[in-house]
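Open the model in a viewer and keep the selection tool at hand. The stops below go from one chain to the other and end at a sheet.

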Amino acid sequence: MKRIYLDNNATTAVRAEVLEAMLPFYREQFGNPSSIHWAGRSVSEAVEEARERVARLLNARPEEIVFTSCGSESNALALRGSVVFSEAWNGHVITTAVEHPAVLNSVRFLEKQGVAVTILPVDGDGLVDLDLLEASIRPETLLISAMWGNNETGTLFPVAEIGAIARRHKVRFHTDAVQAIGRVPVDVQAAGVDLLSLSGHKFGAPKGVGALYVRKGTGLTPLIHGGHQERGRRAGTLNVPGIVGLGVACERAAADLDLQVPRIRALRDRLEEGILSRVSEVRVNGHRRQRLPNTLNVSFAYIEGEAILLFLDMKGVAASSGSACMSDSFGNSHVIDAMGVDPMMANSNIRFGLGPDTTEEDIDFVLEILPPIIQKLRDMSPFYSEKAAG
Amino acid sequence: MDHKKIMVAMSGGVDSSVTAALLLQKGHDVQGLTMRIWDGPVEVADDARRVAERLGIPHHLIDLRDQFRQRVVAPFCAEYLAGKTPNPCVLCNQAFKFRVLLDRAAELGADGLATGHYVRLWQHEGRYVLAKGRSLNKDQSYFLFTLTQQQLGRVCFPLGDLDKEQVRALACQWQLPVAAKSDSQDICFIPDGDYIRFLEQHAALKDLSGDIVHVDGRILGRHSGIYRYTIGQRRGLGLAWPEPLFVARIDAARRQVVVGERCHLDVAELTLQDCNWIIPRPSDSLRCRVRIRYRHREAEATVTVVDEKRCRVVFDRPEQGVTPGQAAVFYDQDRVLGGGWII
């Protein structure tokens, strides 16, 4: 059976050229980059080259990049690191209802420590009200954390406008750009961002490596104490192969915004239009235009998203219901709920995440098998028969 | 979005690689196609394949050596043996490349074919207009005068508004593995540029030696084959003469190379055969500028249509270096009107 992977928002395959660049750093160049001898020096150069590549993609300076183990660590370092550094335990943090759990749960942790928290609601498209955001800023506000692109719906926040508001009020601005990197242009200067999280495995680098952009002059207290690595912002021996891979992936991501993304966007639109024209009572979740080009989140009335995924999987198609981080938990997606979607629809959403390997044939195959799956599930659904009877 | 399935003729060079990338950037469904047209190393195909891999597009390598030999190399040799100086690139575009590639593109289900030529193409009042590339020193419209309206309707030229530096910068920006490759200048099937040796290896050469004759009829010496000479050629004649001598004419029937002083190179008018019109064929004559070889600065002339396939060109002032076998292409400013082959 043909296998079709449409869950690139969950994770991606390591790119061949990324893996190739990483391999020498396992056996030949195994040194610790902190060592001053020959074995360390050459490895240290490779790490610094990777740092430059990451910085170039973000329009940042190399010294503003801190390597971490993943997107969640980057988010935790940004949020907890900022609050601890400020020592303002009665301070205030603003975030949004649709953030990744790594942000929301970090904020909830801070709340338990005494920090005041404002969680902004979103509208039906998943966007925040910027006036409300600005009105929520208080004299003691330490930080605004608002994601660049939503991991479930793909909705893109107007990051530059949020950055301008934060700057106007001299509030630190963090953005979780884990889903945005490699899919939309990300420029920390244009967006006025102070802290930005990214994760390697979402765009062709391996799992276990991420980075946090820290604007020069933005103080942070580390989460992990130890050696002086990463200018004292993150202790621990560097994950050299992962960092080298992240560098190559960032270099490729810049080109792929031009070379791959337009095609992926066209395929996503083909999938979306195809579903809308073939299946009735469907809702596309997220903003139709301000959206990640690879993401399609769609709800099918009367049936459960999990059931659709199961049937798709039987045909070799891997998709997801919202976030992979949540798919082992029960209940609706907090993102779809926050958008005020009818619970019947909220429970029936699935997410397609296209990637560089997705082909037109893949999309056409999904469009061929999906309508009968939906029909079959609806025929079994008590809600659907109620509706038909009523 | 105007989403199309487009086949790109990929040679493995910078221009065709960037062509494919630009179309991807516009969101088209792009596939690469490379022709194997001549024996010898397949490294150009490898370059094209690597670029296709980098771009993540399907790549097709098709073996067209027989057709290429038949339709391009054989006429190329025959022209030399007939005392002409052929232009294989125009010949290839006319008799081979655009025909074969458009057919293949259609077979593979593509809506159109793109190449990395520096020319511009647009539609005006129901016809296609072919014009010089924006970067005049890279302009390649001379090579494409043979394209018919029907062919023009199925091709696109994404590089028309760019210059070479911009194309290289894009190749670099997109990390295409060809960014540093140098431009190809020579005839693709004669990479060392030594066409005489090529003819001696591949053409059925008879004894084509004969006399070198002055335009006034005096025999000045011997030559070892008419195909070794080109009109306007000065060097390598091996003649002692008070004034510089140039090849003025090649008389294949008598196996004569006719030489003369510079003034004897002047040609006021010429006849073209196998003409093609991009604009509607004029009923009688028109004023335009005529380019008689690739790097020629066009000259003012009057073109008169003789019949469906032939034209007569009368220059306002005589031109030098008019060479049978080369193409003459008509321009109005940047726009290609048509052209034909010099007899």
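Helices, of type H or I with at least four residues, and strands, of type E with at least two, are DSSP runs numbered from the N terminus. The model is a predicted one.

**Stop 1: chain B as a whole**

Select chain B. It holds seven helices and 17 strands. Its radius of gyration is 21 Å, close to the 20 Å that the globule rule gives for 343 residues, so chain B is as compact as a globular protein of that length. Measure along the principal axes, and the C-alpha trace spans about 70 × 45 × 35 Å. Of the 343 residues in chain B, 43% are buried. If contacts in chain B are limited to residues at least 6 apart in sequence, 63% of them join residues at least 24 apart.

**Stop 2: where the chains meet**

Show both chains. How many residues does each chain bring to the contact? Chain A gives eleven residues and chain B gives 13 residues. On the chain A side, select helix H8 (240-259) and helix H9 (261-278), each of which supplies at least two residues. Coloured by class, this side of chain A shows five nonpolar, one polar and five charged residues.

**Stop 3: the domains of chain A**

Hide chain B and colour chain A by domain. Domain 1 covers 4-11 + 259-389, and domain 2 covers 16-257. The centres of domain 1 and domain 2 of chain A, taken over C-alpha atoms, are 29 Å apart. Between these domains of chain A, 26 residues of domain 1 are in contact with 26 residues of domain 2. On the domain 1 side, strand S10 (295-300) and helix H11 (334-338) of chain A each supply at least two residues. H11(A) has the largest share of that side, three residues. By class, the domain 1 side has ten nonpolar, 14 polar and two charged residues.

**Stop 4: a loop glycine**

Select Gly31(A), which is in the loop between helix H1 (16-22) and helix H2 (38-58) of chain A. Is this residue buried, exposed or partly exposed? Gly31(A) has 18 C-beta neighbours inside 10 Å and therefore counts as partly exposed; 20 or more would make a residue buried, and 12 or fewer exposed. Leaving aside neighbours within four places in sequence, Gly31(A) is in contact with Ala39(A), Gly40(A) and Val43(A). Draw a C-alpha to C-alpha distance from Gly31(A) to Val43(A): the two are twelve residues apart in sequence and 6.2 Å apart in space.

**Stop 5: strand S2 of chain A**

Select residues 65-68 of chain A, strand S2. In a regular strand the side chains alternate between the two faces of the sheet. Here both faces are covered: Ile65(A) and Phe67(A) on one side are buried, as are Val66(A) and Thr68(A) on the other. Add strand S8 (residues 210-214) of chain A, which runs antiparallel to S2(A) and is joined to it by four bridges. Within S8(A), Tyr213(A) is the bridge partner of Ile65(A).

**Stop 6: a sheet of three strands**

Now select S9, S10 and S12 of chain A, an open sheet in the order S9-S10-S12 with antiparallel pairing. Strand S9 (282-285) and strand S12 (349-353) of chain A are the edge strands, each pairing on one side only. From one strand to the next the twist averages 30°. Five bridges join S10(A) to S12(A), and Asn297(A) has Arg351(A) in S12(A) as its bridge partner. Finally, add H9(A): this helix packs on the sheet, touching S9, S10 and S12 of chain A, and its direction makes about 10° with that of S10(A).

Definitions and conventions: Residues are numbered from 1 along each chain as its sequence is written. Chains are lettered from A and ligands numbered from 1 in the order in which they are written. This is a predicted model: local features need pLDDT of at least 70, side-chain atom pairs count only at pLDDT 80 or more; totals for chains, interfaces and linings use all residues. Two residues are in contact if their C-beta atoms, placed from the backbone, lie within 7 Å. The radius of gyration is taken over C-alpha atoms; the globule rule is 2.2 Å times the number of residues to the power 0.38. Ala, Val, Leu, Ile, Met, Phe, Trp, Tyr, Cys and Pro count as nonpolar, Asp, Glu, Lys and Arg as charged, and the others, Gly among them, as polar. Two strands pair if DSSP finds at least two bridges between them. Domain bounds come from an automatic or database domain assignment. Axes are lines fitted to C-alpha atoms, for helices over the stretch in contact, and angles run from 0 to 180 degrees between N-to-C directions.
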